[in-house]
Amino acid sequence: MTVREITVLGHQALHQPTKRVREVTEDIRTLVADMFDTMEAAEGVGLAANQVGVRLRIFVYDCPVPDGPNARGVVINPTLERLGTPSPLDEEEDGEGCLSVPGEYFPLARHPRARVTGTDLEGSPVVIEGEGLLARCLQHETDHLDGTVYVDRLMGPIKAQARQAALERGWADRLVKKWNPATTKAEDV
């Protein structure tokens, strides 16, 4: 398998909704295997297909859960259900990062539980429900597939901090396009 390059904030594949997978082909199986290898090499807990430049509705995850083995799998054409009410933002506890925003972590309140439904590589239905970090992962990866990077959800001074970090990292020209999506043209990958 192959470790693929991870797209960075501003890459247009991250900022457009992905397309449904109609059929699992050998190319899709190879993509998923590569996504697992890429996620592992980057020490991530989840990775969406558009994070490797492919605008298809697929994500993989390998997320620690309390008192058990990691939750690990692939979801094709996921649908997300956010469960519960987000608690007020706790800047110490609600830190979130992203392989496409490398080296940066910002607090973001998420729903405490989440459920994702979709299919696996064999076309069998899958349902993943989690809380805590797994719930955050499910919401984060599904957001990616909808064309939303977690920094897009930040508010107030935290959003300003993210913009400053983007300036310092040379991503500012990319952010202008994302934060004004009307200027971004979709590109099929």
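A residue counts as exposed when its relative accessible area is over 50%, and as buried when that value is under 20%. Keep those two cut-offs in mind, since they come back several times below. Another thing to know before you start is that this is a predicted model.

**How far to trust it**

Averaged over the protein chain, the pLDDT is 89, and 90% of the residues score at least 70. One stretch to watch is residues 176-189, where the pLDDT is below 50. In the model, that stretch still has 23 contacts beyond its near neighbours in sequence. Where pLDDT is low, the predicted coordinates should not be read in detail.

**The overall layout**

The protein chain has four helices and seven strands. Walk along from the N terminus and you meet them in the order α-β-β-β-β-β-β-β-α-α-α. The chain has 189 residues, and 47% of them count as buried. Now take the contacts between residues at least 6 apart in sequence: 66% of these join residues at least 24 apart.

Two pairs show what that kind of separation can look like. Gly 10 sits in the segment before helix H1 (26-41). Gly 10 and Trp 171 are 161 residues apart in sequence, yet their C-alpha atoms are 7.0 Å apart in space. Gly 10 has a relative accessible area of 13%, so it counts as buried. The other pair starts from Val 54, in the loop between strand S1 (46-48) and strand S2 (58-63). From Val 54 to Lys 19 it is 35 residues in sequence and 9.4 Å in space, C-alpha to C-alpha. Val 54 is buried too, because its relative accessible area is 14%.

**Two residues with a positive phi**

Most residues other than glycine have a negative phi, and most peptide bonds are trans. Glu 43 is not a glycine, but its phi is positive, at about 60°. You'll find Glu 43 in the loop between H1 and S1. Is Glu 43 buried or exposed? Its relative accessibility is 74%, so Glu 43 counts as exposed.

Asp 67 is another residue other than glycine with a positive phi, in this case near 55°. Asp 67 lies in the loop between S2 and strand S3 (71-83). With 87% relative accessibility, Asp 67 counts as exposed as well.

**An aromatic pair**

A pair of aromatic rings is described by the distance of the centres and the angle of the planes. How many aromatic pairs does a search of the whole structure find? The search turns up one. The partners are Phe 59 and Tyr 61, with ring centres 6.0 Å apart and 55° between the planes, which makes the pair tilted. Phe 59 has a relative accessible area of 0%, so it is buried. Tyr 61, at 6% relative accessibility, therefore counts as buried too.

**Empty space: pockets and a cavity**

Rolling a probe the size of a water molecule over the atoms shows where empty space is left. Here are the two largest pockets and the largest cavity.

| Space | Volume | Lining residues by class |
|---|---|---|
| Largest pocket | about 380 Å³ | nine nonpolar, seven polar, five charged |
| Second largest pocket | about 220 Å³ | eight nonpolar, two polar, three charged |
| Largest cavity | about 40 Å³ | eight nonpolar, no polar, one charged |

The largest pocket is lined by 21 residues, and those nearest its centre are Val 45, Gly 97, Cys 98, Leu 99 and Tyr 105. Strand S4 (95-97) and helix H2 (133-145) each supply at least two lining residues. The largest share, five residues, comes from H2.

Around the second largest pocket there are 13 lining residues. Leu 108, Ala 109, Arg 110, Arg 153 and Met 155 lie nearest its centre.

As for cavities, the count comes to one of 30 Å³ or more. Which helix gives the largest share of the lining of the largest cavity? That is helix H3 (residues 156-168), with three residues. The residues lining this cavity include Leu 9, Val 101, Phe 106 and Trp 171. Trp 171 should ring a bell: it is the residue whose C-alpha is 7.0 Å from that of Gly 10. Glu 104 is also part of the cavity lining.

Terms used. Residues numbered from 1 in each chain as written. Predicted model: local features only at pLDDT ≥ 70, side-chain atom pairs only at ≥ 80, totals over all residues. Heavy atoms only, no water. 1 Å grid on protein atoms, 1.4 Å probe; cavity = no way out; pocket = protein on both sides within 12 Å on 5 of 7 lines; lining within 4 Å. Points joined across faces, edges and corners; volume = space filled by probe spheres on them. Nonpolar A, V, L, I, M, F, W, Y, C, P; charged D, E, K, R; others polar. pLDDT = per-residue confidence, 0-100. Contact = heavy atoms within 4.5 Å. Phe/Tyr/Trp six-rings, centres within 6.5 Å; stacked < 30°, edge-to-face > 60°. Buried < 20%, exposed > 50% of the residue type's maximum accessible area, 1.4 Å probe, protein only.
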